[in-house]
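Subject: Handover of the structure

Dear colleague,

Here is the structure I said I would pass on. The sequence and coordinates come first, and my notes follow.

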Amino acid sequence: FINVRSLKFPLTLWNTVVVLIVVIMVLLAAREGLRYYLILETDSTLDAEVRELLLAVEAFYPDQNQIIAEMERKAEGHRERGWHIRWLSEGRRETIWASALAPPQPTQIFVGESSGHVIWASDNIRSIERQLNRPGLPAYFIRVGTPLEFINADVDRLTRVFAQVSFVILLLAPLGGLFMAKQAVEPLQQIIRTTERLRPTHLDERLRVRGVGDELDQLAIKINAFLDQIGEHLAKKREFVANAAHELRSPLAAI
């Protein structure tokens with residue numbers, strides 16, 4: 001239980017809020033970072049497959065049946081992952097052949113070009129396309145794509161793990177905040193306990209200086225210096241009273 005009027009309460013509250021905000025930001029950044037990394041890995045893998053198919057076109061041209069057979073073999077080998085292949089003509093980019101899982105071409109939009117390949121994407125499909133640049137051969141286009149369900153599934157699994165971690169942190173953050181608040185307030189409590197023991201006739205005790213040089217140490221040094229001044233003033237006052245009493249003793253006795 002924390003007294004809401006105590007300094008521990010706002011310190012605990014703000015520490016908890018800051019910890020939660022930082023954790024949520026880190027988890028969201030990690031989530032999006034994973035998605036970005038998986039997309040880069042997917043693009044790299046698809047680009048490698050496109051390169052292999054371009055080599056097959058170069059090797060088997062002009063035998064289209066052999067080229068299609070190689071593309072079918074490649075598409076069948078990745079059927080469980082939902083991959084698809086599209087072979088496009090030069091010029092008007094008409095479809096020469098497309099695998100069974102290939103989506104309608106207009107569903108994808110141009111995203112960008114990188115390292116010689118073109119990226120096409122839609123809400124749930126990502127494709128990499130390259131053009132055949134071999135002298136004497138038609139400038140065919142080969143496009144290999146894959147659905148993004150596996151990326152979304154991995155990100156969703158990570159999100160669930162993040163949610164569990166966030167829940168645990170939500171439970172532990174107030175405890176950690178309370179511990180840190182107690183550590184921060186303890187020097188102040190020591191100052192309060194010490195000052196409560198001070199009396200006009202008992203000013204010998206001084207506040208403990210921890211030696212860390214923070215604001216609380218500076219406060220303790222200032223209070224100790226103030227107590228030294230008060231003690232010196234009271235000592236002079238007692239000495240003056242004692243001297244005055246001594247000087248007045250003989251005249252008073254004579255009177």
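**Overall layout**

The protein chain has four helices and six strands as its secondary structure. Please keep in mind that this is a predicted model. Read along the sequence, the elements of the protein chain come in the pattern α-α-β-β-β-β-β-β-α-α. The protein chain is more spread out than a compact globule, because its radius of gyration is 40 Å, well over the 18 Å that the globule rule gives for 255 residues. The extents of the C-alpha trace along its principal axes are about 145 × 40 × 25 Å.

Some totals for the protein chain:

- Buried residues make up 31% of the 255.
- The accessible surface is about 16600 Å², and carbon and sulfur atoms account for 61% of that surface.
- Taking contacts between residues at least 6 apart in sequence, 52% join residues at least 24 apart.
- There are 30 positive and 31 negative charges, and the mean positions of the two sets are 10 Å apart.

**Helix α1 and the loop after it**

Helix α1 covers residues 8-60, and E49 is one of its residues. Is E49 buried or exposed? E49 has a relative accessibility of 10%, so it counts as buried, the cut-off for buried being under 20% relative accessible area. The side chain of E49 makes a polar contact with the side chain of K74, at 3.0 Å. Setting aside neighbours within four places in sequence, the residues in contact with E49 are K74, H78, W83 and V144.

A30 is also placed in helix α1. With 36% relative accessibility, A30 counts as partly exposed. Which residues is A30 in contact with, leaving aside its neighbours within four places in sequence? They are L158 and F162. A30 and L158 are 128 residues apart in sequence, while their C-alpha atoms are 9.2 Å apart in space.

P62 lies in the loop between α1 and α2, the latter being residues 64-77. The peptide bond from Y61 to P62 is cis, and its omega is near 10°.

**The loop between β1 and β2**

R92 sits in the loop that links β1 (84-88) to β2 (95-98). R92 has a relative accessible area of 71% and is therefore exposed, given that exposed means over 50%. From C-alpha to C-alpha, R92 and V144 are 19 Å apart in space, with their positions 52 residues apart in sequence. V144 also appears above, among the contacts of E49.

**Helix α3 and the loop to α4**

Helix α3 runs over residues 149-197 and contains Q183. Q183 counts as partly exposed, at 49% relative accessibility. How far apart in space are Q183 and D156, C-alpha to C-alpha? The distance is 39 Å, for a separation of 27 residues in sequence.

R206 is placed in the loop between α3 and α4, where α4 is residues 215-254. R206 is partly exposed, and its relative accessible area is 29%. Not counting residues up to four places away in sequence, R206 touches T194, N224, L227 and D228. For one of these, L227, the C-alpha distance to R206 is 7.8 Å, and the two residues are 21 apart in sequence.

**Points to look at when you open the file**

- The cis peptide bond from Y61 to P62.
- The polar contact between the side chains of E49 and K74, at 3.0 Å.
- The contacts of A30 with L158 and F162.
- The contacts of R206, including N224 and D228.

Regards

Conventions. Residues numbered from 1 in each chain as written. Predicted model: local features only at pLDDT ≥ 70, side-chain atom pairs only at ≥ 80, totals over all residues. Heavy atoms only, no water. Helix = DSSP H or I, 4+ residues; strand = E, 2+ residues; numbered from the N terminus. Rg over C-alpha atoms; globule rule 2.2 N^0.38 Å. Buried < 20%, exposed > 50% of the residue type's maximum accessible area, 1.4 Å probe, protein only. Contact = heavy atoms within 4.5 Å. Areas by Shrake-Rupley, 256 points an atom, 1.4 Å probe, with all protein chains shown as cover. Lys, Arg positive; Asp, Glu negative; His and termini not counted. Charge placed at Lys NZ, Arg CZ, Asp CG, Glu CD. Polar contact = N/O pair within 3.5 Å; in protein donor to acceptor, adjacent residues only side chain to side chain.
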